[in-house]
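Let's take a friendly walk through a protein together. Have the sequence and the 3D view at hand, and look up each residue as we come to it.

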Amino acid sequence: MAIATGDLITERSLAVLRDGQARSGAFVASPSFRVYQFGWLRDGAFCAHALDRVGHAASSGAWHAWVHEAIERHRPRAEAVLALLAGGETPPGEEMLPARYTLDGAIESEDPVDPWPNFQIDGYGMWLWSLEQHLAGRAPEPAQLRTVELVGRYLAASWRLPCWSCWEEFNGGEHASTLASACAGLAVAARLTGESAFADEAERVRAELVARYVTGGYIGLSPGDARVDSSILWLGVPFGVLRADDPLVVATVDEVKRQLIGPGGGVYRYRGDTYYGGGEWLLLASSLAWHESVAGSADSARELRRWVRAQARDNGDLPEQVTGAAQFADEVEPWLERWGPVATPLLWSHAMFLISEVAA
């Protein structure tokens with residue numbers, strides 16, 4: 001679907017995505033934020049999907065080619081991890097496949113001054129979900145199919161491992177959105193490869209979510225944690241781990257609205273978030289708008305999209321979050337001193353905005 005011309009924010013969103021794509025095909029997380037100069041599988045999966053949705057499949061295809069090349073470049077690392085796990089050993093996080101790569105597909109060197117976690121498996125499930133959407137019924141090329149099979153095996157072997165969350169936080173934890181992403185990826189791996197073992201593993205992940213993460217009738221952030229994390233919105237839309245109208249999804253989305261819609265109308269990541277004070281995130285407001293559109297709640301979706309639009313800079317740039325209603329106002333300044341102003345523009349914010357617009 002092509003976007004309407006003449007709208008500043010939609011046109012700027014497309015420009016930010018296309019300008020933020022390196023020659024390699026990678027999407028930089030934010031071109032102006034020094035610590036986001038990498039290509040995350042997580043962010044990129046949604047950026048590629050946004051471009052598919054607005055008629056720029058060639059740019060999306062270039063990203064998928066970059067992911068394929070990056071993973072194959074590090075196949076020996078993946079195979080070594082799989083061998084250790086098959087033998088009952090748990091590899092250290094630094095030996096696992098990374099959540100982000102440099103823009104040329106290498107594994108970054110750890111910053112000795114300000115180290116940052118890089119082991120989380122959710123991006124690999126998100127890549128497979130995004131790839132299937134991009135293929136739109138076509139079969140992957142044989143070389144790409146080999147990568148799909150490798151990633152399927154990696155997800156099947158590693159989804160039980162404690163890791164960092166979707167937000168590079170909560171080291172050594174278990175996270176609902178991580179399992180949702182792994183489940184979605186395994187289901188895609190099954191469909192693309194025809195391997196029923198991947199489908200069986202996806203069912204085990206889904207059963208784990210329902211058995212251990214439900215608290216008070218909804219899916220919590222982690223087992224026994226009554227908070228919700230807005231990233232669990234993707235459980236139904238778009239990952240389809242459960243249907244958008246499944247009572248458990250409905251209850252979980254209702255709890256996200258109850259706990260995490262801020263006074264300004266944006267959406268917090270989770271209660272207790274202190275990153276830049278724990279402000280309202282644009283990409284999460286757009287994620288909720290996407291769900292609401294699919295669920296038939298047009299008025300709610302419209303209000304969320306309106307809020308996102310209201311946060312745009314004069315040139316149409318969308319930030320990662322806004323801190324006017326931060327949960328911890330005294331935590332904003334320390335982050336400004338450490339890393340500078342909030343990442344603006346954030347490609348992921350622009351991607352989710354475009355997706356929410358075309359979903360309306």
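## Cysteines without partners

Cys 183 has a relative accessibility of 1%, so it counts as buried, because the cut-off for that word is under 20%. Keep in mind that you are looking at a predicted model. Another cysteine, Cys 166, also counts as buried, with 1% relative accessibility.

How many disulfides does the structure hold? The number is zero. A disulfide is a covalent bond between the sulfur atoms of two cysteines. For Cys 166, the closest cysteine sulfur belongs to Cys 163 and is 10 Å away, which is too far for a bond. Cys 183 is in no disulfide either: its nearest cysteine sulfur, again that of Cys 163, is 15 Å away.

## The protein as a whole

Let's zoom out. The protein has 13 helices and six strands. Its radius of gyration is 19 Å, close to the 21 Å that the globule rule gives for 360 residues, so the protein is as compact as a globular protein of that length. Measured out along the principal axes, the C-alpha atoms fill a box of roughly 50 × 45 × 45 Å.

What share of the 360 residues is buried? Buried residues make up 60% of them. The protein exposes about 13,900 Å², and carbon and sulfur atoms supply 51% of that area. Contacts tell us about the fold too: among those between residues at least 6 apart in sequence, 72% join residues at least 24 apart.

## A gathering of rings

Now look for the aromatic side chains. A search of the whole structure finds 25 aromatic pairs. One of them is formed by Trp 335 and Trp 339, which meet edge-to-face, with 5.2 Å from centre to centre and 65 degrees between the planes. Both of these tryptophans lie in helix α12 (residues 332-339), four residues apart, or about one turn of the helix. Both Trp 335 and Trp 339 are buried.

The two tryptophans belong to one aromatic cluster, together with Phe 33, Tyr 36, Phe 38, Trp 40, Trp 116, Tyr 275 and Tyr 276. Which rings of this cluster have the charged end of Arg 100 over them? One is the ring of Phe 38, where the charged end of Arg 100 is 5.7 Å from the centre. Another is the ring of Trp 116, with a distance of 4.4 Å from its centre.

## Two residues and their neighbours

Thr 102 is found in the loop between β2 (100-101) and α5. With 19% relative accessibility, Thr 102 counts as buried, because the cut-off is under 20%. Leaving aside neighbours within four places in sequence, Thr 102 is in contact with Phe 38, Trp 66, Ile 107 and Glu 108. Phe 38 is a member of the aromatic cluster you have just seen.

Gly 123 lies in helix α5 itself, which spans residues 122-135. At 5% relative accessibility, Gly 123 counts as buried. Not counting residues up to four places away in sequence, Gly 123 touches Leu 41 and Arg 42. Gly 123 and Pro 98 are 25 residues apart in sequence, and their C-alpha atoms are 9.0 Å apart in space.

## Unusual turns of the backbone

Finally, let's follow the backbone. Most residues other than glycine have a negative phi, and most peptide bonds are trans. Where does this model depart from that pattern?

Glu 168 has a positive phi of about 60 degrees although it is not a glycine. Glu 168 sits in the loop between α6 (142-158) and α7 (176-193), and is buried, with a relative accessible area of 9%. Tyr 276 has a positive phi too, of about 50 degrees, and is not a glycine. Tyr 276 has its place in the loop between α9 and β5 (280-281) and counts as buried at 1% relative accessibility. Tyr 276 is also one of the residues in the aromatic cluster.

Two prolines follow cis peptide bonds. The bond from Val 237 to Pro 238 is cis, with omega near 15 degrees, and Pro 238 lies in the loop between β4 (218-219) and α9 (247-260). A cis peptide bond also joins Thr 344 and Pro 345, with omega about -5 degrees. Pro 345 lies in the loop between α12 and α13 (347-359).

How values were computed. Residues numbered from 1 in each chain as written. Predicted model: local features only at pLDDT ≥ 70, side-chain atom pairs only at ≥ 80, totals over all residues. Heavy atoms only, no water. Helix = DSSP H or I, 4+ residues; strand = E, 2+ residues; numbered from the N terminus. Buried < 20%, exposed > 50% of the residue type's maximum accessible area, 1.4 Å probe, protein only. Contact = heavy atoms within 4.5 Å. Phe/Tyr/Trp six-rings, centres within 6.5 Å; stacked < 30°, edge-to-face > 60°. Lys NZ or Arg CZ within 6 Å of the ring centre and 35° of its normal. Rg over C-alpha atoms; globule rule 2.2 N^0.38 Å. Areas by Shrake-Rupley, 256 points an atom, 1.4 Å probe, with all protein chains shown as cover. Disulfide = S-S within 2.5 Å.
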